[in-house]
Amino acid sequence: MNSSDKPSNWYRGQGHWADVPAENWLNWKWQLKNRITKVEQLEQYLELTPDEKAACYFSNQKLALAITPYFFNLIDVNDPNCPIRRQIIPHGGEMKTAPEELLDPVGEDGDMPVKGLVHRYPDRVLFLVTDRCASYCRYCTRSRLVSNAQDYNFHPEFESGLKYIEEHPEVRDVLLSGGDPLLLSNKKLDYLLGRLKAIPHVEFVRIGSRIPIFLPQRIDEDLCEIFKKHGPIWMSIHVNHPRECTQELYQATERLSFSGVPLGNQSVLLKGVNDDPDVMKSLVHRLLMMRVRPYYLYQCDLITGSRHLRADVRKGIEIIQHLRGHTTGYAVPQFVIDAPGGGGKVPINPDYVEEITDDEVIMRNFEGRQYRYPLVAGRKAVNIDAAPTPEPLLV
Ligand SMILES: *Cc1c(COP(=O)(O)O)cnc(C)c1O
Ligand code: SF4
């Protein structure tokens, strides 16, 4: 996937569902109605391992199994370690809870002034508007409430969230999430976005959604009209692996961009999916071709049953090092850990600063060469004049 990686070569088509009339395939309601939700359906297309099969039955009590036909096509059914499969088909590891794992790994419940609204940072809120998704990611950080398989009993309540935002003038940025907000009907979205736009101190709204990836058919003209009407709306999509960048996703992101919706991407660092510098590089290049700016790379939260998917933090740092300077600056996401217990997102960076003294900053560039930048206060003129041009030092 180098110079020839053009969108016109990306995956497209109906795959296993080649016989379905195109008008059905392109209809998002058909895609939702025909989701794979049962072991028997899965087994029509691939061979489950005994562990996967047990985990599928277990999913009823944890996080529902659902995969749109569109997204299922991206699985390589002959590869038990397929990176798409690992994200979406239950794995035996889900049935085991490691000691470090938590039901509410980033402590959201402790920062909810009203149910479904997380107010952690001074000027912005996270508003959970639904518990449903088009397909369910096995590592979902909100497994406790998403798909309603556990006893959390989440019932999204718009009015109390809206009232809280109206009464808090410090909230200038509202981030809609869930579940997936784009599963709401156009009527509900229009209402919700209209209410938010009417609040004088809300400067803009963001939507976090994986619908473009699971169900690009949902990004139709009617939806885009709603975004145009209520903008500025920004969107964070969630792509983890380059194979998720299909021609259908390309078209969906194009419709969003042309409707004035700036796009960012959030990836989760997942073992056996994208914990590889070359895979990530190919992903971020594809994102830029779709006008999507890589925003965050998340260390996988300590969600129950996720150990098999959690990569080493040092691998995340290595990936950033492999990107920074080696490719377009726009392509480099910020690697973060959402601090367990409710500390919020903490940036985790490779260390380029070696030392800061009263006189200078000693640093290394992307190639590992050492450079010095003088801190000039007072003696500056003398020092600068006296200083020879720094020689790059190889490590
Ligand atoms: C991630 C998050 C936000 C948004 O954070 P940004 O860094 O501004 O994207 C807001 N609230 C909560 C609770 C979050 O987890
Ligand atoms: S789309 Fe988002 S909210 Fe839904 S299951 Fe995946 S990670 Fe969780």
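1. Let me start at a loop: P232 sits in the stretch between α10 and β5 (233–237). The peptide bond leading into this proline, from G231 to P232, is cis, with omega near 5 degrees. Bear in mind throughout that we are looking at a predicted model, so these are values computed from predicted coordinates.

2. A second cis bond turns up between G178 and G179, where omega is near 20 degrees. As for its place in the chain, G179 belongs to the loop between β3 and α8. Both of these glycines come back in the point on ligand 2, since G178 and G179 are among the residues that surround that ligand. As background, most peptide bonds are trans.

3. One more backbone oddity is S147. Its phi is positive, about 75 degrees, although S147 is not a glycine. You'll find S147 in the loop between β2 and α7 (158–167). The general rule is that most residues other than glycine have a negative phi.

4. Now the sheets. One open sheet has 9 strands, and their order is β1-β2-β3-β4-β5-β6-β7-β8-β9, with mixed pairing. At its edges are β1 (117–121) and β9 (344–347), each of which pairs on one side only. Between neighbouring strands of this sheet the turn is 30 degrees on average, direction ignored.

5. Within that sheet, have a look at β2 (residues 124–128) beside β3 (residues 173–177): the two pair in the parallel sense, over 5 bridges. To find the register, start from R124, which stands opposite D173 in β3. R124 is also worth remembering for the next point, as one of the residues around ligand 1.

6. What surrounds ligand 1? The residues are V118, R120, Y121, R124, L126, L175 and K345. Two elements, β1 and β2, give two or more residues to this shell. The biggest share comes from β1, which gives 3 residues. Sorted by class, the shell around ligand 1 holds 4 nonpolar and 3 charged residues, and no polar ones. Recall that β1 is also an edge strand of the sheet.

7. Ligand 2 has its own set of neighbours: C133, Y136, C137, C140, R142, V146, G178, G179, D180 and R210. By class, that comes to 5 nonpolar, 2 polar and 3 charged residues. The cis bond from G178 to G179 therefore joins two members of this shell, because both glycines count as neighbours of the ligand when their C-beta atoms, placed from the backbone, lie within 6 Å.

8. The other sheet to check is open too, with 3 strands in the order β10-β11-β12 and antiparallel pairing. Its edges are β10 (353–356) and β12 (370–374); each has a single partner strand, so one side of each is left without a neighbour in the sheet. The twist here averages 15 degrees from one strand to the next. Between β10 and β11 (residues 360–364), which run antiparallel, there are 3 bridges. For the register, I356 stands opposite V361 in β11.

9. On to helix packing. Two packed helices are described by the angle between their axes and the distance between the axes. For α12 (residues 277–289) and α13 (residues 313–323), the angle is about 55 degrees and the axes are 9 Å apart. That makes α12 oblique to α13. The crossing of α12 past α13 is right-handed. In the contact, P277, M280, K281 and V284 from α12 meet E318, I319, H322 and L323 from α13. Its make-up is 5 nonpolar, 1 polar and 2 charged residues.

10. How do α8 and α10 lie against each other, roughly parallel or oblique? The axes of α8 (residues 186–197) and α10 (residues 221–230) come within 10 Å and cross at roughly 10 degrees. With that angle, α8 is roughly parallel to α10, because angles under 35 degrees count as such. On the α8 side the contact uses N186, L189, D190, L193, G194 and K197, which meet D222, L223, I226 and H230 in α10. These residues divide into 4 nonpolar, 3 polar and 3 charged. The loop with P232, where this note began, lies between α10 and β5.

Notes
Residues are numbered from 1 along each chain as its sequence is written. Chains are lettered from A and ligands numbered from 1 in the order in which they are written. This is a predicted model: local features need pLDDT of at least 70, side-chain atom pairs count only at pLDDT 80 or more; totals for chains, interfaces and linings use all residues. Two strands pair if DSSP finds at least two bridges between them. Helices (H or I, at least four residues) and strands (E, at least two) are DSSP runs, numbered from the N terminus. Axes are lines fitted to C-alpha atoms, for helices over the stretch in contact, and angles run from 0 to 180 degrees between N-to-C directions. Ala, Val, Leu, Ile, Met, Phe, Trp, Tyr, Cys and Pro count as nonpolar, Asp, Glu, Lys and Arg as charged, and the others, Gly among them, as polar. Angles under 35 degrees count as roughly parallel, over 145 as roughly antiparallel, 65 to 115 as roughly perpendicular and the rest as oblique. A crossing is left-handed if the near helix is turned anticlockwise from the far one by less than a right angle, and right-handed if clockwise. Two residues are in contact if their C-beta atoms, placed from the backbone, lie within 7 Å.
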